[in-house]
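Colleague: I'm new to reading protein models, and I'd love some help with this one. Could we go through it together, one question at a time?

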Amino acid sequence: MRLLIRYFFKLLRAILGPLMLLWEWLTPPKGIKRPESEQQQVDAYTRNLTLYQFLTCPFCIRVRRVIKRLSLNIETRDALKDPVSRQQLLEGGGTIKVPCLKIADEQGETRWLYESDEIIRHLEANIPDAESPAHPPASTPGV
Ligand SMILES: N[C@@H](CCC(=O)N[C@@H](CS)C(=O)NCC(=O)O)C(=O)O
């Protein structure tokens, strides 16, 4: 059954992948513009993050769009085509599933966060000026 699901996603990616990439490329979200000093603080935080992903995975595209919307500089690694990154994901996270956000904290601890919803929640919770369209702050007028 797991094999069947894996092949289903492979087929889906092969068919829809190019279309999704085109859509991602044609409709980029508008990134937040921050003063230089604030962007540097955000960059300092995101320096410890790495996104393991597949180029045409819809869940990864979703996370990449949030990264773009929040103007985050997060290193991405292709766990499909790059065998080294794939091995890192398997050994560190425990399974080949993407997207997966590797979070290295200041104490040298590393967390491997799976699930696009969880990753987006984590990013939005840790970026001070992140406003989620799905969860606007209570002070937003008219909400
Ligand atoms: N519920 C997960 C779904 C992630 C998922 O199914 N990812 C697929 C790629 S689209 C995957 O990693 N499949 C493993 C594989 O193809 O080896 C999420 O939202 O992140």
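**Two helices side by side**

Modeller: Gladly! This is a predicted model, and a good place to start is helix H3 (residues 58-69), whose axis comes within 10 Å of the axis of H5, with a crossing angle of roughly 10 degrees.

Colleague: Is H3 roughly parallel or roughly perpendicular to H5?

Modeller: The two axes cross at roughly 10 degrees. Angles under 35 degrees count as roughly parallel. Therefore H3 and H5 are roughly parallel.

Colleague: Which residues of H5 make the contact with H3?

Modeller: Let's begin on the H3 side, where Phe59, Arg62, Val63 and Val66 take part. The residues of this contact divide into 6 nonpolar, 1 polar and 1 charged. On the H5 side, the contact is made by Ser116, Ile119, Ile120 and Leu123.

**The sheet**

Colleague: Which strands are the edge strands of the sheet?

Modeller: The open sheet has 4 strands in the order E2-E1-E3-E4, with mixed pairing. From one strand to the next, the twist averages 25 degrees. Each edge strand pairs on one side only, and these are strand E2 (75-78) and strand E4 (110-114).

Colleague: Which residue stands opposite Lys102?

Modeller: In general, strands of a sheet pair through backbone hydrogen bonds, either parallel or antiparallel. Strand E3 (residues 100-104) pairs with E4 in the antiparallel sense, over 5 bridges. Opposite Lys102, in E4, stands Trp112.

Colleague: At about what angle does H5 run to E4?

Modeller: H5 lies across E3 and E4. Its direction relative to E4 is about 125 degrees.

**Around the ligand**

Colleague: Which elements give two or more residues to the shell around the ligand?

Modeller: The residues around the ligand are Arg6, Phe9, Phe54, Cys57, Phe59, Ile96, Lys97, Val98, Pro99, Glu115, Ser116 and Asp117. Those that give two or more residues are helix H1 (2-26) and helix H5 (116-126).

Colleague: How many residues of that shell are charged?

Modeller: The shell includes Arg6, Lys97, Glu115 and Asp117. Its residues divide into 7 nonpolar and 1 polar, while the charged ones number 4.

**A residue of H1**

Colleague: Is Ile5 buried or exposed?

Modeller: Ile5 is found in helix H1. A residue counts as exposed if 12 or fewer other C-beta atoms lie within 10 Å of its own. Because Ile5 has 9 C-beta neighbours inside 10 Å, Ile5 counts as exposed.

Colleague: What separates the C-alpha atoms of Ile5 and Tyr114?

Modeller: Along the chain, Ile5 and Tyr114 are 109 residues apart. In space, their C-alpha atoms are separated by 18 Å.

Methods: Residues numbered from 1 in each chain as written. Predicted model: local features only at pLDDT ≥ 70, side-chain atom pairs only at ≥ 80, totals over all residues. Near = placed C-beta within 6 Å. Nonpolar A, V, L, I, M, F, W, Y, C, P; charged D, E, K, R; others polar. Pairing = 2+ DSSP bridges. Axes fitted to C-alpha atoms, helices over the stretch in contact; angles between N-to-C directions. Contact = placed C-beta atoms within 7 Å. Parallel < 35°, antiparallel > 145°, perpendicular 65-115°, else oblique. Buried ≥ 20, exposed ≤ 12 C-beta atoms within 10 Å, placed from the backbone.
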